[in-house]
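Me: Please give me a close look at the site where the small molecule sits, with the cut-offs behind each term. A nearby word on one helix would also be welcome.

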Amino acid sequence: MKIGFIGLGNMGAPMAANLAKAGHSVTGFDMADVAVDGVRLAASAAEAAKGQDVVITMLPNGAILRAVALDVLPAMDRGAALVDCSTVDVESARAVAAEAEAAGLLFVDAPVSGGVGGATAGTLTFMAGGTEAGFAKASPLFEIMGQKAVHCGAAGAGQAAKICNNMILGVTMIATCEAFALADKLGLERQKMFDVVSTSSGYSWSMNAYCPAPGVGPQSPADNGYQPGFAANLMLKDLRLSQQAAEAADADTPLGQAAMALYEQFVEHENGSGQDFSAMLPRFEGRGRG
Ligand code: NAD
């Protein structure tokens with residue numbers, strides 16, 4: 001397939017490299033000066049998009065996606081597909097989908113989970129929204145860049161799934177960390193806490209697969225000085241998107257809201273910026289109730 005790839009950052013670069021490695025013809029564009037194995041670079045987003053079967057975007061946010069779409073959609077051939085793998089607000093995904101449809105193009109919102117490790121290994125999970133035709137066109141590329149793709153529904157459904165999943169993740173990580181900090185103060189050894197909770201009803205991905213306590217459970221960023229991993233800044237971004245969506249949809253999400261406020265405090269006013277999101281544990285460790 002002929003593929004345009006716009007946004008060759010931490011995630012986009014390895015994803016584009018995997019597509020090229022699999023034998024696809026990949027033309028990339030990024031505002032920054034980048035080089036990606038096997039990817040020919042274009043001078044603009046429109047040039048990277050011109051004449052391609054599929055154009056993939058992997059950009060920081062919805063405003064940038066909308067701006068890039070303005071350049072890219074007019075350059076694409078009718079019947080081609082724009083596949084946005086960025087994490088953006090549901091409204092931006094739906095707005096770009098409508099513009100693409102009006103131009104006779106397919107659109108799929110397909111945010112990912114799996115992080116930079118998954119992007120490099122080609123083991124991402126894609127959560128896709130859009131038409132059957134769009135999903136079918138993008139599926140062979142999802143198979144190269146990832147290990148699983150779920151068609152969640154119409155345009156925006158992929159972003160909805162992503163932010164709901166990450167709202168659960170943010171809340172359970174905080175719950176896991178505050179429980180460890182309480183256990184410390186009750187004199188309960190962390191290893192014993194893990195042994196019980198990881199096999200009891202408090203278990204979760206945060207405890208079992210990504211334990212925030214160093215030296216306990218599987219290898220995780222906690223064992224590496226809380227280097228990300230999944231940065232607290234990105235968790236804050238996703239929690240903000242969840243609360244923006246909750247407001248737009250009039251959904252009551254008190255724990256999502258509290259998780260957003262805590263990550264905001266941690267990232268913007270404490271030392272959380274640049275740390276893994278599981279560094280909530282050392283944050284709680286040093287605190288009392290006051
Ligand atoms: P990044 O900042 O490393 O990459 C974004 C790239 O987009 C940068 O290289 C930037 O120069 C480029 N860019 C910005 N504006 C542009 C424009 N107008 N035209 C062309 N290029 C432009 O970010 P990332 O970590 O690769 O994340 C990308 C997306 O993936 C984000 O939406 C993020 O939320 C999501 N995501 C990231 C992770 C992760 O672990 N890093 C995990 C899941 C999802």
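Reply: **The ligand and its surroundings**

A nitrogen atom of the ligand lies 3.4 Å from a polar backbone atom of Met31, where a polar contact is a pair of N or O atoms within 3.5 Å. The model is predicted, and local features need pLDDT of at least 70, side-chain atom pairs count only at pLDDT 80 or more, and totals for chains, interfaces and linings use all residues. Residues are numbered from 1 along each chain as its sequence is written, and side-chain values use heavy atoms, with hydrogens and water left out.

An N or O atom in the side chain of Asp30 is 2.6 Å from a ligand oxygen atom, while a backbone N or O atom of Leu59 is 2.8 Å from an oxygen atom of the ligand. The protein covers 83% of the 830 Å² of accessible area (Shrake-Rupley, 1.4 Å probe) that the ligand has on its own. In total 23 residues surround the ligand, each with a heavy atom within 4 Å of it, and the closest are Asn10, Met11, Asp30, Leu59 and Lys237.

As for the helix, the buried residues of α11 (under 20% relative accessible area, 1.4 Å probe, protein chains only) are Gly256, Ala259, Met260, Tyr263, Phe266 and Val267. They cover an arc of only 135 degrees around the axis, measured by the directions from the axis to the C-beta atoms, which puts them on the same side of α11. On the other side of α11, Pro254 and His269 are exposed, that is, over 50%.

Note on methods
Helix = DSSP H or I, 4+ residues; strand = E, 2+ residues; numbered from the N terminus. Polar contact = N/O pair within 3.5 Å; in protein donor to acceptor, adjacent residues only side chain to side chain.
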